[in-house]
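Thanks, everyone. I have one structure to walk through today, from the whole chain down to a single helix. Here it is.

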Amino acid sequence: ASLFGAVDMAPRDPILGITEAYNADKNPNKVNLGVGVYYDDNGKVPLLECVRKAEAQLLEKAAPRTYLPIDGLAAYDKAVQELVFGADSAVVQEKRAITVQAIGGTGALKIGADFLKRFAPDSQVWISDPSWENHRALFESAGFVVNSYPYYDPATRGVNFAGMLGALQSMPAGSIVLLHACCHNPTGADLTDEQWKQVIEVVTGRGLIPFLDMAYQGFGDGIDADGRVVRQFAQAGGPLFVSNSFSKSFSLYGERVGALSIVAASTEEAARVLSQLKRVVRTNYSNPPLHGGQVVATALATPELRALWEEELAAMRVRIREMRQALVAKLKAKVPNQNFDFVITQRGMFSYSGLTKAQVERLRNEYSVYAVDTGRICVAALNSKNIDYVVDAIAKVL
Ligand code: PLP
């Protein structure tokens with residue numbers, strides 16, 4: 001028998017499947033709201049000016065393409081750490097935080113999961129219900145049992161906070177809790193400051209291990225506001241894992257730029273953690289790619305480029321907000337008996353729109369408007385040219 005005779009076909013990635021169907025669609029009015037990518041008002045993935053300028057500087061230098069250290073470009077790791085925790089934070093000042101360049105946010109989650117499996121092998125992992133679909137798969141593939149805690153409440157279109165807190169209060173000590181630092185994917189529903197305070201108290205008080213995934217810093221309320229939860233966790237003491245990604249915030253999807261940061265109890269503990277994390281990296285892919293890390297490090301460390309980045313990121317954030325507002329206003333005009341205000345409260349690229357699977361199917365089949373079966377739409381794929389068509393289609397299937 002052939003070696004591959006017993007290999008079954010793996011299930012298709014549901015979101016990539018949507019894009020394939022969209023690409024094959026001949027309708028000139030087609031709109032893909034199934035993606036997880038920011039598009040500008042012309043429907044294009046932007047190349048940020050701060051990236052173009054940083055790349056021009058790098059090209060000018062024409063430096064050789066040597067290997068990076070296992071933990072990545074030092075200037076990048078430093079810049080990320082200061083961005084994530086704040087340069088003047090105690091964990092940075094006391095050298096209790098370590099940061100390792102990773103292959104996007106996904107790679108950061110993966111090396112974090114592999115590290116945890118070695119040093120907390122009996123812990124179980126808890127993710128929000130629902131969560132980014134890769135969270136479960138990533139931690140399961142690292143060998144963990146993955147459970148979910150209540151999160152989204154379809155009745156209020158917000159967070160089932162009592163359910164979430166109750167679950168945190170009954171998890172065994174040492175459980176690994178995956179939390180979205182901001183701009184929850186897929187729902188767009190975030191915790192309030194007051195709710196975060198309670199979560200931090202329970203997580204720290206009960207000896208749970210927080211793993212914050214921050215893939216959308218700057219897309220919610222701003223770079224600092226979105227990072228606040230990370231800093232509050234760092235201040236609260238206890239171990240902390242933070243994965244972050246520049247895929248969206250620098251529009252550098254294909255360059256795979258992210259990082260994993262870990263906060264330990266002392267400088268000496270942090271050094272041991274780093275040494276072990278480097279082994280995880282070394283046995284996975286040896287060291288990270290050069291280009292994206294150099295671009296982000298250059299942009300973050302050059303005052304002029306840094307200011308430009310902050311402006312460009314703010315423009316993306318504002319455009320998404322405007323699309324949320326326009327979507328609600330236009331839907332109100334067409335479907336006056338329904339309230340869509342939750343779309344404005346939601347944060348980040350996504351909205352759990354409340355559209356049912358049957359409605360999503362009709363949108364696709366009758367109007368070539370593609371959304372995820374769960375009703376998740378990417379607000380960042382709406383623009384001034386397609387929004388009226390999308391609103392018309394939604395009004396017709398409601
Ligand atoms: N975490 C969340 C919540 C995400 O939505 C994503 C990307 O969509 C990632 C992590 C992974 O980011 P990256 O593309 O940088 O691997």
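Take contacts between residues at least 6 apart in sequence. In the protein chain, 74% of those join residues at least 24 apart. Keep in mind that this is a predicted model.

Now the overall dimensions. The chain has 398 residues, and a compact globule of that length would have a radius of gyration near 21 Å. The protein chain has 21 Å, so the two agree. Along the principal axes, the C-alpha trace spans about 60 × 60 × 55 Å. How many of the residues count as buried? The figure is 45% of the 398.

Secondary structure next. I count 15 helices and 13 strands in the protein chain. There is also a record to mention. An unreviewed UniProt entry carries the annotation "domain: Aminotransferase class I/classII large", covering residues 29-394. Over residues 29-394, the chain is 48% helix and 15% strand. The end C-alpha atoms of that stretch are 14 Å apart.

On to the sheet. It is open, it has seven strands, and its pairing is mixed. The order reads E2-E10-E9-E8-E7-E3-E4. Which strands stand at the edges? They are E2, residues 97-103, and E4, residues 146-150. Each has a single partner strand, so one side of each is left without a neighbour in the sheet. From one strand to the next, the twist averages 25 degrees.

Helix H3, residues 74-85, packs on this sheet. H3 touches E2, strand E9 (240-245) and strand E10 (257-263). The direction of H3 makes about 115 degrees with that of E2.

Let me zoom in on one pair of strands. E7, residues 176-180, and E8, residues 209-214, run parallel. Five bridges join them. Ile-176 stands opposite Ile-209 in E8.

Last stop: helix H7, residues 161-170. Here Met-164, Ala-167 and Leu-168 are buried. Why do they fall on the same side of H7? They cover an arc of only 100 degrees around the axis, which puts them there. The general background is simple: an α-helix has 3.6 residues a turn, so residues three or four places apart point the same way. Turn to the other side of H7, and Ala-162, Gln-169 and Ser-170 are exposed.

And what covers the buried residues of H7? The cover includes E4, strand E6 (158-159), E7 and helix H8 (193-205). E4 is also one of the edge strands of the sheet. E7 is also the strand joined to E8 by five bridges.

Terms used
Residues numbered from 1 in each chain as written. Predicted model: local features only at pLDDT ≥ 70, side-chain atom pairs only at ≥ 80, totals over all residues. Pairing = 2+ DSSP bridges. Helix = DSSP H or I, 4+ residues; strand = E, 2+ residues; numbered from the N terminus. Axes fitted to C-alpha atoms, helices over the stretch in contact; angles between N-to-C directions. Contact = placed C-beta atoms within 7 Å. UniProt positions renumbered as here; feature names shortened; annotations may be inferred. Rg over C-alpha atoms; globule rule 2.2 N^0.38 Å. Buried ≥ 20, exposed ≤ 12 C-beta atoms within 10 Å, placed from the backbone. Arc of directions from axis to C-beta.
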